[in-house]
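Subject: Structure for you, with notes on its salt bridges

Hi,

Here is the structure I promised to send over. Have a look at it first, and then read on for what turned up among the charged side chains.

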Amino acid sequence: MTAAGLWTIALALAYTAWLVLGGRIVTRRRETGRGGFFVGGRSFGPWTVAFCITGLFSGSSYIAIVELSYRTGVSAIWYGVAETVQVLLIALLLVKPLRERLVVTVTGIIGDRFGRAAKAVGSVITGLTFPMYSVATTIAFASALSVVTDLSLPLSVAVTAVVLLGFLSSGGMRSVGFSQTMNVVMIGLMFLVGLWALLAEPGLAGPGGLAAFAAERPEMFDPVNAGTSLIVAWFGTFIINVPLAQAAFQMSMSARTPADGQRGLLRAAVLGAPLLVLGVLVGVAAAIVTPGGALPLVSIAEYVTGTVPPWAAGVFFVGLWACALGWAGPCQFSGATSLGRDLGSALHPGATEAQLVRYTRVALVGLTVVMVAFALLRTEESAWWNVMAWTLRNGATLAPVLAAFAWPLATRSAALAAMLAGFGTGLAWYAASGFHPTAFLLGLHPVWLGMAVNLLAMTAVTLARSEWRLAAPGRRRQRGVTALAGAGVLVALAAVVWPWLTANGMTGLLLGAVALCLFSAAVLLTEGTGTRRAAGGAREDAGAVEPSSAAPSPGTAASAPPAA
């Protein structure tokens, strides 16, 4: 083990002890009020929310950007910009309406609108996909850690999973708030070490500096070197994920007021900007000093250890671990909330708050085992787990969430059909693609196909099983016609430029856009008549939910969201 490795292990052990013990000290007081475990008693100030979101998104973005920039140069910054746009949209569009309905999770939104069966299905899918996100980021960090230590990748993931369990199970969201604040402090120290390494070697000027590299390799400073189609896909992915960003919802809903939650998200966007820029510069610097590496994060680790003293390299690597924890911790907790709290309330509608907390703690243990098992199954490809998680979760939950907000006509049967159809289609297409993380059947990304089928199934089943009529003439109807025309234009455009779309991997994005236009047209062009068809020809109130789910579980939406 290298000297940098010894420093990394020592600092990581000290940092881990502080996360676990410090978190228990902070959360020693008994949680009071409803939802204390799940939303920290809604006591977070704007800075705590800002640290939570910064650790969640900026930490994960830093790992992604520093790896991407090693290969594609400064164009990797668009990944961070796209994720920042997601944060801003959540702040501006969703925080206040979600807080008014006391929302905690996406699966809670689905369950309160479409009943216990939909909540149960959504909870299982969401709960089991969040460890996939955790594994993906942890593997990326562990690949760099393996350069300076003797820890194997599976062991690194297992240690991370156990650490997460140690501080999450004690205080719930309060523990998340404490750990995210500490992670941001550690990430800040990493920022300083990264800046030190950058200025030391290769430096900004001089024969081997960034300026000379720009003249030698101008493509690395091309703002679209990563590929226009890939950059568009980043923006499309993050924007479509706005209504599904459950971990971010849970953090912002823990604020004292909606305004505090909104301010926290906006501050997080500002805090994360310097980190994203540094990620690009460190990745490019590593490409100069340690070029040609097959694994960018390994090359970056070699660059840092060869540039700064061992103790500083240790600080840098613990900062990378804080980035991984900043993403994996909230993912594990949010997944356990869906699996324990939401699934528990779906199966046991009369469960008390204490019982739901107990279910969630059990789910945390279960997801720790799942995370380790995932790492053992497939450790070498972090991108594979991201694709799988995006495909399964987004393919199942996008349409039900949009319908819960915007379409009172939508039915429970449509929600279940959409979830199962989108989930199954995305998984089947990924399997048909050989589960390859980048090469897909017909060039069609499974996440876009799953979401398209999800939207179309929700639309078709709702229209087939509901009593509806065409919306009255007016602005809403005009917008519906525009959405329908937009779908037609996109289809016509696809017929003309299909070879270009296929060559640039844009077919899935266009298919998703067409499905979203058709869904929007159905929402805008239809209105209910007050009844809907049920099995056997009987009628029931439009938009009704099962009696057992009519009363919301603790902390979820108090009523179905109104039409947009």
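A helix here is a DSSP run of H or I with at least four residues, and helices are numbered from the N terminus. Please keep in mind that this is a predicted model.

With that in place, a good place to begin is helix α12, which covers residues 258–289 and holds both R263 and D260. These two residues sit three apart, about one turn of the helix. They form a salt bridge, and the closest N and O atoms are 2.5 Å apart.

Which residues are linked with each other in a network of salt bridges? They are R256, D260 and R263. The R256 to D260 bridge has its closest N and O atoms 3.3 Å apart, which is within the 4 Å that the definition of a salt bridge allows.

Is D260 buried or exposed? D260 is buried, with a relative accessible area of 6%, because buried means under 20%. Its two partners are another matter: R256 is partly exposed at 47% relative accessible area, and R263 is also partly exposed, at 38%.

There is another pair to look at on your screen. R341 forms a salt bridge with D342, with the closest N and O atoms 2.5 Å apart. Both R341 and D342 are buried.

In total, the count comes to five salt bridges, and those described above are among them.

Happy browsing, and do write back with any thoughts!

Best wishes

Terms used. Residues are numbered from 1 along each chain as its sequence is written. This is a predicted model: local features need pLDDT of at least 70, side-chain atom pairs count only at pLDDT 80 or more; totals for chains, interfaces and linings use all residues. Side-chain values use heavy atoms; hydrogens and water are left out. A salt bridge is a side-chain nitrogen of Lys or Arg within 4 Å of a carboxyl oxygen of Asp or Glu. Buried means under 20% relative accessible area, exposed over 50%, partly exposed in between (1.4 Å probe, protein chains only).
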